[in-house]
Amino acid sequence: MIAALARDAKREAEAANERRVLVLAGDRDRGFDAAYDAIEAVDPTSTAIVSTREGFRFEEHRPRNADELLGRTREVVVLDCHERFVPNALGRCVGAVDGGGLLVLLTPDLDEWPAVRDRFDDSLAVPPYGVDDVTGRFRERFVGTLRSHPGIAVVSLGEDGPAGDAVERDGLTGPREETTAESTVPPSAPPNAAFPAAAYEACLTGDQVRAVGAFESLATPGHAVVAEADRGRGKSSAAGIAAGALALAGADVLVTAPAFRNASEVFARASELIGEGETDSETAPRRLDAPDGGRVRFLAPAEAAELPDDPDAVIVDEAAALPVRLLERFLDAPAVAFCTTVHGYEGAGRGFAIRFTERLRASRFSVREVRLDEPIRYARNDPVEAWASRALLLDARPAVDEAVAGSAVGDATYRALPADDLLGDEALLREAFGLLVAAHYRTEPNDLARLLDAPNLTARALTAEGRVVAVALLAREGGLDAETRRRMYEGERIRGNMVPDVLTSQLRDEEAAAPRGLRTVRIATHHALRGEGFGTRLLDEVHAEFGGEGEEGKEGGEDEEGGEGGEGEGVDAEVDYFSVGYGATPRLLRFWRRAGYRTVHLSTSRNDASGEYSAIMVRPVTAAGEGGPGSALLDRHAAAFRDRERDGLSDAHRDADPDVVAGALRACSASVSVDLTETEWRSVVGASFGPGMYDSAPGAFRDLAIAALIEGGRESDDGDGDPLDDREKRLLVRKVLQGRPSESVADELGYVSAGACMRALGDAYEPLVERYGTEFALAERERFVNSE
């Protein structure tokens with residue numbers, strides 16, 4: 001029966017150039033036997049099995065390593081869902097099935113599956129929660145898609161053998177429309193093409209031909225290309241073909257992406273065109289040299305943004321994965337292409353389209369945009385693609401602009417988003433998850449499971465006329481017992497406790513995981529309403545609900561304490577502190593500081609993709625100085641951050657953006673005291689008001705700089721009362737705290753010479769002498785003032 005069902009499904013898939021899914025539900029061992037029957041019945045040329053088990057005669061992958069399938073295609077892929085069902089792995093497996101192929105899922109009994117807990121659930125059970133606290137909502141929803149979507153056959157495996165097998169649904173869709181003639185015409189070079197004919201002959205669809213044609217403009221400085229596509233449309237292949245053609249013409253093409261594996265397809269296709277022969281995308285080299293001096297080379301984003309060796313053209317693949325601030329640095333290239341996935345199995349974000357494209361259009365570049373819609377490996381109306389998009393919310397997006405435009409922040413309603421509500425309201429789930437996708441590129445299928453099932457996560461939103469206009473994903477952290485804190489202090493990683501882990505294991509505070517924290521994992525406002533105060537309002541409501549700061553605006557908050565909705569049942573909603581961790585930029589530091597958060601840490605290394613240092617900020621529930629574990633935590637770590645940066649800015653943070661340094665220090669709540677000796681004051685006053693030199697007491701200048709950057713304008717959000725302007729702050733950071741040479745500081749900050757730079761430094765210290773000077777220092781100042 002299973003063999004016949006598999007043959008029918010495969011035959012229909014091949015006829016329509018689509019894919020089909022075969023679900024074998026029941027005992028695991030019986031599932032593998034049935035899967036072998038199905039494989040033998042269809043006799044595929046290539047088969048891969050993704051399972052925690054080993055020893056198969058087919059290609060094997062572990063669920064956590066399913067990304068090894070990216071860029072590969074197989075006629076049959078078997079995914080074992082029993083011991084470790086990873087949503088991300090499902091997405092990779094779907095993407096690896098070729099047109100005419102089968103995806104075989106081995107699952108527990110579908111009625112029982114939502115109640116089953118496996119090793120993936122273990123990863124959601126972050127301390128202090130246990131696996132019994134994890135729910136099965138994601139699987140409940142997933143099972144519903146298996147039983148309702150076209151193209152999916154479901155077999156209930158009999159407990160006593162094949163005689164008891166029952167076909168719940170055969171998944172056959174019946175005759176489909178014939179493929180259009182356009183899709184069967186071999187691609188060819190368009191008239192007057194600049195790239196060689198071989199470049200266009202390597203294309204698989206008309207969309208790819210158009211994309212490669214657009215990339216021709218990169219041969220001329222001043223041109224930019226934006227290529228957008230859903231996963232599986234051949235965007236990276238088109239970029240690789242173009243890169244190879246440009247290199248053959250003698251160009252130096254620099255390629256970058258969040259990780260090399262994201263760009264491996266670019267290099268595989270470029271390699272074929274340059275003449276290195278067909279290269280598997282997994283083994284593609286990171287540099288290709290063309291015969292006439294051209295080349296294609298890869299660098300990580302932060303390094304590539306420096307444009308080393310002056311490339312002729314830059315191709316940024318998976319551009320939506322990079323921060324806008326980093327993308328803007330590529331606008332200094334002679335010619336540049338940005339390729340981005342709109343919806344995909346690795347997660348997708350709209351930050352590129354929403355925030356960066358407008359900036360690109362306003363630049364000096366002549367911009368050409370191209371979108372690829374036609375799948376390269378299966379028909380456009382493939383039901384499995386539609387099913388995967390629905391099951392994993394790959395196409396989730398916020399409410400349309402017209403539905404929320406004009407919404408007033410004061411009229412928005414604050415509400416909880418209990419997982420049961422999300423499960424029961426598909427529109428609500430899609431809008432909320434769509435906003436999270438828009439806010440962060442790396443929102444993945446696993447994140448959907450976390451949202452619905454993880455006991456430490458909860459979500460809050462603002463709605464306008466029933467539409468989600470802002471959403472925050474929050475994670476409970478801390479509250480850990482002494483034994484767990486000891487293990488963390490001694491180096492054990494404790495899942496799901498990011499801030500306590502950093503403060504404990506890196507900053508050596510064994511008690512940091514005792515207070516209860518609530519971390520903002522992600523916060524997003526609908527792009528049509530940015531700058532209108534929705535994010536601030538949402539945070540204010542979260543602070544009021546969980547910090548016990550007020551009773552207004554707490555609609556839906558009861559669910560958090562164990563009412564219907566259920567997240568955190570039996571757990572006190574109030575916390576000791578709020579926290580956040582993110583890639584530090586001046587704008588984000590300003591936003592979180594104004595929301596009451598204070599800096600306790602800057603990472604000592606940059607993120608490989610963004611090139612940014614990560615900031616950790618804390619907001620205690622009780623005000624600093626009023627006691628309470630949250631305030632005590634902030635007090636000691638703010639002081640440690642102050643002292644650490646005094647020396648760290650000339651070491652680990654020597655290359656940090658001076659505006660980031662100034663923003664991080666201004667958001668530090670530590671007290672400051674300037675305790676200089678009379679000798680040191682003589683040096684500072686002499687350099688500021690007289691003929692003294694900075695080099696005579698660099699430590700004294702450093703102490704004053706730290707004090708001024710932390711305290712300056714502390715009383716006012718707009719900086720009133722700050723003795724330093726922005727340029728002077730950059731000067732103190734670059735010269736005094738980071739120890740840069742005067743010549744490079746002068747060049748960066750626009751001083752006419754190193755001497756002028758040092759005179760400006762003396763001028764910047766005059767108001768600091770006024771603010772922090774002792775009676776001795778002020779008397780010393782009078783000697784120079786009165787002598788003028």
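1. For a chain of 788 residues, a compact globule would be expected to have a radius of gyration near 28 Å, and the protein, at 30 Å, agrees with that expectation. This is a predicted model, and the points below should be read with that in mind. Along its principal axes, the C-alpha trace of the protein spans about 105 × 70 × 50 Å.

2. On the overall make-up, the protein contains 29 helices and 21 strands. Of its 788 residues, 57% count as buried. If one takes the contacts between residues at least 6 apart in sequence, 71% of them join residues at least 24 apart.

3. Two helix pairs deserve a description, and the first is at the start of the chain. Two packed helices are described by the angle between their axes and the distance between the axes. Helix 1, covering residues 2-16, packs with helix 2, covering residues 28-42, at an angle of about 50°, and the axes lie 8 Å apart. Because an angle of this kind falls neither under 35 degrees, nor over 145, nor in the range 65 to 115, helix 1 and helix 2 are oblique to each other. The crossing in which helix 1 passes helix 2 is right-handed.

4. Which residues of helix 1 and helix 2 meet? From helix 1 the contact takes in Ile2, Ala3, Ala6, Arg7 and Lys10, and these meet Ala34, Asp37, Ala38, Ala41 and Val42 in helix 2. Sorted by type, the residues of this contact between helix 1 and helix 2 comprise seven nonpolar, no polar and three charged.

5. The second pair is formed by helix 26 (residues 726-737) and helix 28 (residues 754-772), which pack at an angle of about 115° with their axes 10 Å apart. Helix 26 and helix 28 are therefore roughly perpendicular to each other, and the crossing of helix 26 past helix 28 is left-handed.

6. In that second contact, Glu728, Leu731, Leu732, Lys735 and Val736 of helix 26 meet Cys757, Met758, Ala760, Leu761, Ala764, Tyr765 and Leu768 of helix 28. The residues of the contact of helix 26 with helix 28 divide into 10 nonpolar, no polar and two charged.

7. Helix 26 also holds lysine 729. Is lysine 729 buried or exposed? With a relative accessible area of 15%, lysine 729 is buried, since the cut-off for a buried residue is under 20%. When residues up to four places away in sequence are not counted, lysine 729 touches Ala662, Leu709, Asp722 and Leu724.

8. Valine 661 is placed in helix 23, which runs over residues 658-666, and at 2% relative accessibility valine 661 counts as buried. Apart from neighbours within four places in sequence, the contacts of valine 661 are with Leu649, Ala656, Val733 and Gln738. The C-alpha atom of valine 661 is separated by 9.3 Å from that of alanine 584, although these two residues are 77 residues apart along the chain.

9. Glutamate 54 belongs to the loop between strand 2 (47-50) and strand 3 (59-61), and a relative accessible area of 60% makes glutamate 54 exposed. Once residues up to four places away in sequence are set aside, glutamate 54 touches Glu60 and Arg62. Between the C-alpha atoms of glutamate 54 and glutamate 511, which are 457 residues apart along the chain, the separation is 43 Å.

10. Some backbone details merit a check against the model. The peptide bond from proline 127 to proline 128 is cis, with omega near 10°, and proline 128 lies in the loop between helix 4 (119-124) and helix 5 (137-146).

11. Where are the aspartates with positive phi found? Aspartate 309 is in the loop between helix 10 (301-304) and strand 12 (313-316), and aspartate 310 is likewise found in the loop between helix 10 and strand 12. Phi of aspartate 309 is near 65°, a positive value in a residue other than glycine, and aspartate 310 has a positive phi of about 50° although it is not a glycine either. As for accessibility, aspartate 309 is exposed, with a relative accessible area of 59%, and aspartate 310 is exposed at 64%.

Terms used
Residues numbered from 1 in each chain as written. Predicted model: local features only at pLDDT ≥ 70, side-chain atom pairs only at ≥ 80, totals over all residues. Heavy atoms only, no water. Axes fitted to C-alpha atoms, helices over the stretch in contact; angles between N-to-C directions. Helix = DSSP H or I, 4+ residues; strand = E, 2+ residues; numbered from the N terminus. Left-handed = near helix turned anticlockwise from the far one by under 90°. Contact = heavy atoms within 4.5 Å. Nonpolar A, V, L, I, M, F, W, Y, C, P; charged D, E, K, R; others polar. Rg over C-alpha atoms; globule rule 2.2 N^0.38 Å. Buried < 20%, exposed > 50% of the residue type's maximum accessible area, 1.4 Å probe, protein only.
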